[in-house]
Amino acid sequence: MTASNPDENPVAHKPLQRRRRRLRSRIIWSFFLLGLGLTLLLALSSSWVRGRVEDDLIVDMMNRNIQEFEYQYRLNPQDPKVNIQEMRMFAFTPDKFESVRRREPDWYALGNGVHTLNGKNEDGTPFRYRLAVLKKPQVWFFIIYDTTESARRDENFREAVWVGVAVFALVSLLLGWWSASKVMSPVTDLAQRLRRAGRSSDP
């Protein structure tokens, strides 16, 4: 009875085939996870930087505008000359402070600075706005900047970022698949040559 040659036994080849499949899978997943991780890092960092820069610009602009509003109001309380676009300005003298408390309790409680608030339009639809506050003993100044359009742009930007993440993740997966085939091809050829060499050396 002759012993079977392991190189000619299909069962003996299964561990080797499993190792090849594991190596191929690891290469594919490595490329996919690396591409996904780098893309997510870039997307999140760019979104954070964009939001931070825009917020800083809005706060700086509103602080400068309310200071200018207060200055122009002192020059001409009846008609302060302030050139401000997309903003609404209010000035209340001490006899109106109580009406501010009744109509806008949030405004009444806020201190000087720029704040983020939620409100409702005349038709009842909600909106988010930034409120610049400057309270002097003689006059309270308020400037409203509606950030609804800015929020809509941010949402569109985030959607575009996530679409980009999905596209780059797919590209990384395809690149990993292609790289795995290129890496495994010479390995498979080498294994086949070694098996053939081993069979030819048998007596």
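Start with the whole fold in cartoon view: this predicted model has 4 helices and 4 strands. Walking from the N terminus, you meet the elements in the order α-β-α-α-β-β-β-α. Of the 203 residues in the protein, 28% are buried. If you switch on contacts between residues at least 6 apart in sequence, 59% of them join residues at least 24 apart. Show the surface as well: the accessible area is about 14200 Å², and carbon and sulfur atoms account for 59% of it.

Now go inside. Select Met62, Ile66, Ala132, Phe141 and Ile143, the residues with the most contacts inside the largest nonpolar core, which has 14 residues. Colour three elements to see where this core comes from: α1 (10-75), β3 (126-135) and β4 (140-146) each supply at least two of its residues. The top contributor is α1, with 5 residues. Next, pick Phe92, Phe97, Phe127 and Tyr129, which are among the 13 residues of a second, separate core.

Aromatic rings make a good next stop, with 8 aromatic pairs in the count. Zoom in on Tyr73 and Phe141, an edge-to-face pair with 5.3 Å centre to centre and 80° between the planes. Tyr73 sits in helix α1 and Phe141 in strand β4, so this pair bridges distant parts of the chain, 68 residues apart. Both Tyr73 and Phe141 are buried.Move on to Phe92 and Phe142, which also form an edge-to-face pair: 5.8 Å centre to centre, with 65° between the planes. Phe92 belongs to strand β1 (residues 87-92) and Phe142 to strand β4, 50 residues apart. Is Phe92 buried or exposed? Its relative accessible area is 17%, and Phe92 counts as buried because the cut-off is under 20%. Phe142 is buried too, at 0% relative accessibility. Add Phe90 and Trp107 to the selection, and you have one aromatic cluster made of Phe90, Phe92, Trp107 and Phe142.

Finish on the outside. Select Trp48, Val49, Val53 and Leu57, and you will find a nonpolar surface patch of about 420 Å². Click on Val53, which lies in helix α1. How does Val53 count at 44% relative accessibility, and why? Val53 is partly exposed, because 44% falls between the limits of 20% for buried and 50% for exposed.

Methods: Residues numbered from 1 in each chain as written. Predicted model: local features only at pLDDT ≥ 70, side-chain atom pairs only at ≥ 80, totals over all residues. Heavy atoms only, no water. Core = buried A, V, L, I, M, F, W, Y, C linked by side-chain atoms within 4.5 Å. Buried < 20%, exposed > 50% of the residue type's maximum accessible area, 1.4 Å probe, protein only. Patch = residues over 30% accessible without salt bridge, like charges linked within 9 Å, V, L, I, M, F, W, Y side chains within 5 Å. Areas by Shrake-Rupley, 256 points an atom, 1.4 Å probe, with all protein chains shown as cover. Salt bridge = Lys/Arg side-chain N within 4 Å of Asp/Glu carboxyl O. Contact = heavy atoms within 4.5 Å. Phe/Tyr/Trp six-rings, centres within 6.5 Å; stacked < 30°, edge-to-face > 60°.
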